[in-house]
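Me: I am new to protein structures. Can you take me through this one, feature by feature?

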Amino acid sequence: MTDLLASIVQGSPPGLLLILAAVPVALLPQRLSQPAMLALPVIGLWQLFQMPAEFSQTVQVFDYTLEVTRIDALSRVFGIVFHIAAFIGVLYAAHQRDPLQAGASLIYAGAAIAAVFAGDLLTLFVWWELTAVSSVFLIWASRNERALRAGQRYLVIQVLSGLLLLAGAIDLYAQSGSLAFEHIGLGSRGGLLVFLAFGIKACFPFLHGWMKDAYPEATVTGTVFLSGFTTKLAIYALARGYAGTEILIPIGAAMTAFPIFFAVIENDLRRVLAYSLNNQLGFMVVGIGIGTELALNGTVAHVFAHVIYKALLFMAMGAVLFRVGTIKASELGGLYKSMPLTAAFCIVGSLSISGFPLTSGFISKSMVLSAANAEHLLIASLVLLFASAGVLDHSGIKIPFFSFFAHDSGKRVEEAPKNMLAAMAIAAFLCIGIGVYPAPLYAILPYPVDYAPYTPTHVFTVLQLLLFAALGFVFLWKMGWYPPELRSTVLDVDWVWRRMLPAVWNGVAGIWTTAQSAFLRTANGLRLQLLDVTSTHLSPWSRLGEPWPTGATAMWAAALLLAYLFLSY
Amino acid sequence: MSDDNASHPSPPEGERAYWLDQPENVNLLIKILIVVAVGVTLADFGYHKHGHFGFQEWFAFDAVFGFIAYVGLVNTAKLFRKLVMRDEDYYEAAAGAYEPTDEESVDD
């Protein structure tokens, strides 16, 4: 019996349980479904811990050998943090009675988990697309027009990413005869296609528009799930396939820098968090581009820390949206009076993402910065330092300050529901726990860790940077120079497909219609003229149309034959 | 913090006074921040800084960099608004007030 159980546990890919159980569990009565949903990530994590640290399982499909499960140090740590994120997300959503969101979020989490354990590109493609198709329901579940359209745009881009992955995988297979998902590199056409597929989901510059567009339109609880999985799956895939690919260093550096300008002026605080998410992905991408053991450890540690503090920040802003009815900074302020616990948890998340000592962000981000320094990457190091000061603005100050402090908006609401507070408390505990005692996290990183985060240099330089940046805020605010929060839309690259391409399309269509009607007019004129000519000359009463005498016809025929006779000599 | 503005209604009548509502308390927090910030900068004298680049070992490099980067970032973003800021309903009608759907109602 235990053998059978053990074989089932070891035989199925991690994540599959969540996917298969999602729909039945979501349809159970509320009283049963919530405990069952909370149990699923716990069982999944237990299953992962039961499996060997190095494990591979293949199945034969036609002529292809698919490695449906590949556990190694890199995939394992992603699997662990995805299970934690799923648990926190389910707890945060536990007040809801929405089978659609319940089912979609479990399938989504399960697909992301299964994807990081995919050992070949075809298996990866299947789970990659399932994350796209399942997650869009978390956007559509807002059940309004904006969300419907944002979800459609999101789905198109996500599926496109999957198709690029499939095309690249086929190309790589044609070249090498193998579908194995190992280091790919940019040396081939297939490698470039897969790189682009990963780049879309990882929010490379100019490919990032879908995320800031769609995530803030998802439901209060949906955004918490969305923030955890899709982009980090892409980071995993890049770390697996493109570690040490140098172009990732400037790409990642640009990702850390550009979004922070948008984050400063964006009014929707969940959209500010989406920009902040993009900025955080930049640190990870730089780490992958550097590709040393320290850099990759830093990237993975940063993923682990980031999934939790980012979920915490989205949970806090979700709770505000849930209670107040808006998440626009211009409408908020003074909420610490009615939501003190949410405010406190939010501040823990803000300190963590800013990388203050004794929080998870400090022990992970400093690894990436140290790796950039160690490789003597001057520009990248300075950009990352600049971006660290930028993080302090949008996530460290703007998010908690404009929602919970600033001008009192006069809004008085209830504190967040208990389940939301519990989820935030767990996340906040982990943020501080990892920061204070990073050893367990360092122990599960892909490479042996020989890194001490708490040196005087690290601690004091980080504190100087952050505290003087904070003084910069105080200075600007006191002088009245800090840009006020305004109800507005901030244009970004999604403008290209929401406005420019439709305009170009309409323009082209307009030119086409004009050209078409001009052509038809001319053609019709010619047709009438031709009709006129033919009806004049070929009508029964015209010169050519009237009956000719037989004699004349015979005469012409004889003349023609004679001419032919001459010509043939 | 201190200056009230018309678009932000004042708190309901008869509510208890909060510690942070007093401007002098806010100023106290700012003073504490300044003292701590200066303190961690002066700490540079107390240990040997390890930097991979020469400038990283300069006294107070990160403090100066942090302040300039922050103020520069915010002011650049402010200018950037002229280029990319549009009305709230630029793409479509702005989102109305969020109301929990039946599915999202709370029973705690």
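**Reading a predicted model**

Reply: Start just past helix α17(A): there A:A406 takes a positive phi of about 50 degrees. Keep in mind that this model is predicted.

Me: How long is α17(A), and what span should its residues give?

Reply: Use the rise of 1.5 Å a residue. Helix α17(A) covers residues 378-404 of chain A, 27 residues, so it should span 39 Å. The C-alpha atoms at its ends are 38 Å apart, which agrees.

Me: Where does α17(A) bend?

Reply: At A:K398, by about 40 degrees. Within four residues comes a proline, A:P400.

Me: How many residues of α17(A) are buried?

Reply: Burial is a count of neighbours. A residue is buried if 20 or more other C-beta atoms lie within 10 Å of its own. In α17(A), 24 of the 27 residues are buried, so the helix is mostly covered.

Me: How does the span test turn out for α11(A)?

Reply: Helix α11(A) takes in residues 230-242, 13 residues. From first C-alpha to last it reaches 18 Å, close to the 18 Å expected. Burial comes next: 13 of its 13 residues are buried, so α11(A) is largely enclosed by the rest of the structure. Just after the helix, A:G244 has a positive phi of about 80 degrees.

Me: Which way do helix side chains point?

Reply: An α-helix has 3.6 residues a turn, so residues three or four places apart point the same way.

Me: Where is A:G282 placed, and is A:G282 buried or exposed?

Reply: Find the element, then count neighbours. A:G282 sits in helix α13(A), residues 269-290. A:G282 counts as buried because it has 28 C-beta neighbours inside 10 Å.

Me: Which residues does A:G282 touch, leaving out those up to four places away in sequence?

Reply: They are A:G252, A:A253, A:M255, A:T256 and A:A387. Now take a distance through space. A:G282 and A:V490 are 208 residues apart along the chain, and their C-alpha atoms are separated by 21 Å.

Me: Now the strands. How do β1(A) and β2(A) pair?

Reply: Look at direction and at bridges. Strand β1(A), residues 55-61, and strand β2(A), residues 64-71, pair in the antiparallel sense. Seven bridges join them. Among the partners, A:V61 is matched with A:Y64 of β2(A). A:Q60 stands opposite A:T65.

Me: What lies between the two strands of that hairpin?

Reply: Two residues. In this hairpin A:F62 takes a positive phi near 55 degrees.

Me: Is β2(A) enclosed or open?

Reply: Largely enclosed by the rest of the structure, because six of its eight residues are buried.

Me: Which loop residues have a positive phi without being glycine?

Reply: Take two cases. A:R143 has phi near 55 degrees. It lies in the loop between α6(A) and α7(A). With 14 other C-beta atoms within 10 Å, A:R143 is partly exposed. A:C203 has a positive phi of about 65 degrees. Its place is the loop between α8(A) and α9(A). A:C203 is buried, with 27 other C-beta atoms within 10 Å.

Me: How is chain A divided into domains?

Reply: The domain assignment gives domain 1 (1-242), domain 2 (245-492) and domain 3 (500-533). Compare centres to place them. The C-alpha centres of domain 1 and domain 3 of chain A lie 50 Å apart.

Me: How many residues of chain B are in contact with chain A?

Reply: Count each side of the interface. It is 58 residues of chain B, in contact with 60 residues of chain A. On the chain B side, the elements giving two or more residues are α1(B), α2(B) and β1(B). The largest share, 16 residues, comes from α2(B). By class, this side has 34 nonpolar, nine polar and 15 charged residues.

Me: Which strands join across the two chains?

Reply: Strand β3(A), residues 489-490, and strand β1(B) run antiparallel. Two bridges join them. One of the partners you can pick out is B:M85 in β1(B), matched with A:V490.

Note on methods: Residues numbered from 1 in each chain as written. Chains lettered and ligands numbered in written order. Predicted model: local features only at pLDDT ≥ 70, side-chain atom pairs only at ≥ 80, totals over all residues. Contact = placed C-beta atoms within 7 Å. Nonpolar A, V, L, I, M, F, W, Y, C, P; charged D, E, K, R; others polar. Pairing = 2+ DSSP bridges. Expected span 1.5 Å × (residues − 1). Bend = angle between axes of the 7 residues up to and from the residue. Buried ≥ 20, exposed ≤ 12 C-beta atoms within 10 Å, placed from the backbone. Domains from an automatic or database assignment.
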